[in-house]
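I am opening a notebook on a structure that is new to me. My plan is to look at the sheet, the core and one residue inside.

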Amino acid sequence: ARADATLTAGISMVADASAEGTAATTLTNSGTVQLSAIGNANSDDGYAAAEGRIYYGVTQSADADEGSATASITNDAAGKITLIAQAKAVGTSAEASASIYDYGISQQASAVDPENVATASFTNSGSLSFSALADAVASVDTAEADATLESAIYQSATGSVGADAIAEITNSGTLHVNTKATAKSAESASASATVDYGIYQA
């Protein structure tokens with residue numbers, strides 16, 4: 001039995017100003033956003049493999065050739081953004097893999113020339129949660145579980161030819177980053193849970 005669940009991008013925003021002008025992507029949330037990829041595989045008499053993978057939960061890209069560029073997200077006090085990558089496999093042998101493979105939230109801004117600014121801005125007054133959960137149960141042979149989160153929040157601001165660059169995060173709310181892997185077997189079991197970066201700014 002095999003189950004694969006993949007979310008490539010839950011919310012994708014792109015702004016590109018190729019001539020004079022500004023480029024801006026803006027997201028304001030005061031409600032509930034839940035993005036998930038959940039794979040469950042069950043076999044009574046054989047191998048079971050499950051995978052749940054999120055590449056990007058929310059992604060913003062703003063590029064301006066002759067103006068300023070802004071990628072902005074505001075999660076208000078009432079706002080909840082939740083990302084869940086989950087995998088569960090049950091069989092005689094079992095393998096489960098759950099990952100937020102690239103970025104939970106990604107912001108990229110690029111501007112050119114001294115009078116312009118590239119800004120990646122994130123303000124959170126509400127709740128943010130990023131989870132990768134893997135569970136493997138084997139009744140006879142091996143069980144392997146792996147949970148990985150590459151980066152919960154990623155920001156990149158690039159200023160070329162004298163342009164300024166700003167990457168900023170303001171948080172007065174909650175930020176929860178979690179990876180959990182469990183493996184059970186009568187034979188042998190291995191489990192690995194990793195977080196590469198909670199917040200990465202470049």
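Entry 1, a term. I take a nonpolar core to be a set of buried Ala, Val, Leu, Ile, Met, Phe, Trp, Tyr and Cys residues joined through side-chain atoms within 4.5 Å. I also note that this is a predicted model.

Entry 2, the core. I looked up the largest nonpolar core and found 21 residues. Which of them touch the most other members? They are I54, L83, I100 and F130. I then asked which elements give two or more residues to this core. I listed β1 (2–20), β3 (32–42), β4 (47–66), β6 (80–91), β7 (93–112), β9 (127–138) and β10 (143–160). Another core lies apart from this one and has 17 residues, including A89, A96, A147 and A181. I keep a general remark beside this: in soluble globular proteins, nonpolar side chains tend to be buried together.

Entry 3, F130. I set aside residues up to four places away in sequence and checked what F130 touches. Its contacts include L83 and I100. Also among them are I105, L149, A152 and I153. I went on to I105 and found it opposite I153 in β10.

Entry 4, the sheet. In what order do the strands of the open sheet run? I read β1-β4-β7-β10-β13, 5 strands with parallel pairing. β1 and β13 (189–201) stand at the edges with a single partner strand each, so one side of each has no neighbour in the sheet. From one strand to the next, the twist averages 5°.

Entry 5, β7. I checked both partners of this strand. β4 pairs with β7 in the parallel sense over 15 bridges. One bridge joins D63 to S110 in β7. β10 also runs parallel to β7, and 16 bridges join the two. Here A94 has A143 in β10 as its bridge partner. I also looked at cover: 15 of the 20 residues of β7 are buried, so I call the strand mostly covered.

Entry 6, Q107. This residue lies in strand β7. Is Q107 buried or exposed? I count Q107 as buried because its relative accessible area is 0%, and the cut-off for buried is under 20%. A polar atom of the Q107 side chain lies 2.8 Å from the backbone oxygen of S121. For the backbone oxygen of A71, the distance to a polar atom of that side chain is 3.3 Å. Beyond four places in sequence, Q107 is in contact with residues including Q60, S72, F122, Y154 and Q155.

How values were computed
Residues numbered from 1 in each chain as written. Predicted model: local features only at pLDDT ≥ 70, side-chain atom pairs only at ≥ 80, totals over all residues. Heavy atoms only, no water. Buried < 20%, exposed > 50% of the residue type's maximum accessible area, 1.4 Å probe, protein only. Contact = heavy atoms within 4.5 Å. Pairing = 2+ DSSP bridges. Polar contact = N/O pair within 3.5 Å; in protein donor to acceptor, adjacent residues only side chain to side chain. Axes fitted to C-alpha atoms, helices over the stretch in contact; angles between N-to-C directions.
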